[in-house]
Amino acid sequence: MRILVAEDDVRLAAVLEQTLAEAGWSVDVVHDGRSAYDRLLRGTSYDVALLDWMLPGLDGVSVARRLRELGVGGIPIMMLTARGDVRSRVEGLDAGADDYLSKPFDVDELLARLRALYRRGTAAGQAPVTVGDLVVDPAARRVTRAGTEITLSAREFDILHLLVSRAGQVVTRQHILDEVWDGETDLRSNVIDVHLAAIRAKVDRPFGTETITTLRGAGYRVDPPPAPR
């Protein structure tokens with residue numbers, strides 16, 4: 001996982017570089033907006049960009065806006081700023097940022113948000129997954145069954161996509177927590193059961209079918225349909 005950090009505060013940039021490197025990221029650091037813009041415009045293979053709002057030369061919002069206007073939309077952008085008011089958040093998101101984190105911030109939250117952006121960017125390049133008449137499209141975040149579109153919440157979609165992409169395999173509760181919640185939720189919680197119940201109510205019940213099998217003590221499995229004889 002490769003990230004570009006654009007932060008003009010040299011001490012904070014060094015802390016971010018060390019923290020992200022320890023978390024397994026390959027980190028490049030620049031200290032002004034023009035350098036960030038040039039690197040991202042060249043299409044360097046970054047998985048995520050972390051931009052400070054008040055960068056010298058070209059602020060982070062302008063970097064995001066210019067990139068999006070030029071159609072450079074494949075790299076998720078997180079805006080990092082001391083501005084915490086709603087108007088500023090809206091401005092940053094409207095400029096093309098995918099997420100927004102106010103200073104001072106908790107490092108664990110920063111890492112969790114970056115992992116979420118990384119997953120989102122990775123999913124954008126994935127092909128739809130088909131299990132029988134169920135189609136899960138990670139790029140469009142769209143689910144259809146027998147041609148009927150199904151509306152899921154963001155977490156419901158992520159759980160379903162994880163399970164169907166591993167059709168025929170057992171997916172443990174811990175794996176779901178690590179992938180969908182970044183391990184933030186207590187394993188003893190019934191949060192997964194609640195979401196799976198909602199998924200079944202939308203994806204299975206109206207169609208008279210069962211997609212997800214619960215294996216007590218092991219996890220969950222989506223079984224691909226039997227091959228036609």
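Strands, like helices, are taken here as DSSP runs, a strand having at least two residues, and two strands pair if DSSP finds at least two bridges between them. On this basis, in the predicted model, E7 and E8 form a hairpin in which four residues lie between the strands. Within the turn of this hairpin, Arg141 adopts a positive phi of about 50°. The two strands run antiparallel and are joined by four bridges, E8 comprising residues 142-145. Asp137 has Arg142 of E8 as its bridge partner, and Val135 is placed opposite Thr144 in E8.

A further hairpin is formed by E6 and E7, with two residues between the strands. Here a positive phi, near 65°, is found at Gly132. Strand E6 (residues 129-131) is antiparallel to strand E7 (residues 134-137), and three bridges connect them. Across this pairing, Thr130 faces Val135 in E7. Val135 thus stands opposite Thr130 and also opposite Thr144 in E8.

These hairpins belong to an open sheet of four strands, arranged in the order E6-E7-E8-E9 with antiparallel pairing. The edges of the sheet are formed by E6 and by strand E9 (148-150), each of which pairs on one side only. On average, and with direction ignored, neighbouring strands of the sheet are turned by 20° against each other. Helix H6 (residues 154-164) packs on the sheet, where E6, E7 and E8 are touched by the helix. The direction of H6 makes about 115° with that of E7.

H6 also takes part in a helix-helix contact. Its axis and that of helix H7 (residues 173-180) come within 10 Å and cross at roughly 125°. Angles of 65 to 115 degrees count as roughly perpendicular and those over 145 as roughly antiparallel, the values between these ranges being oblique; H6 is therefore oblique to H7. The crossing of these two helices is right-handed. On the H6 side, the contact involves Arg155, Asp158, Ile159, Leu162 and Leu163, which meet His175, Ile176, Glu179 and Val180 in H7. By class, the residues of this contact comprise five nonpolar, one polar and three charged.

Another helix pair consists of H2 (residues 33-41) and H3 (residues 60-69), whose axes come within 9 Å and cross at roughly 25°. Since angles under 35 degrees count as roughly parallel, this crossing makes H2 roughly parallel to H3. The crossing of H2 and H3 is right-handed. In this contact, Gly33, Arg34, Tyr37, Leu40 and Leu41 of H2 meet Val63, Arg66 and Leu67 of H3. The contact of H2 with H3 divides into five nonpolar residues, one polar residue and two charged residues.

Salt bridges were sought across the whole structure, and 13 were found. One involves the side chains of Asp99 and Arg113, with an N to O distance of 2.7 Å. Asp99 lies in strand E5 (residues 99-102) and Arg113 in helix H5 (residues 107-124), so this pair ties together parts that are 14 residues apart in sequence.

Definitions and conventions:
Residues numbered from 1 in each chain as written. Predicted model: local features only at pLDDT ≥ 70, side-chain atom pairs only at ≥ 80, totals over all residues. Heavy atoms only, no water. Axes fitted to C-alpha atoms, helices over the stretch in contact; angles between N-to-C directions. Contact = heavy atoms within 4.5 Å. Left-handed = near helix turned anticlockwise from the far one by under 90°. Nonpolar A, V, L, I, M, F, W, Y, C, P; charged D, E, K, R; others polar. Salt bridge = Lys/Arg side-chain N within 4 Å of Asp/Glu carboxyl O.
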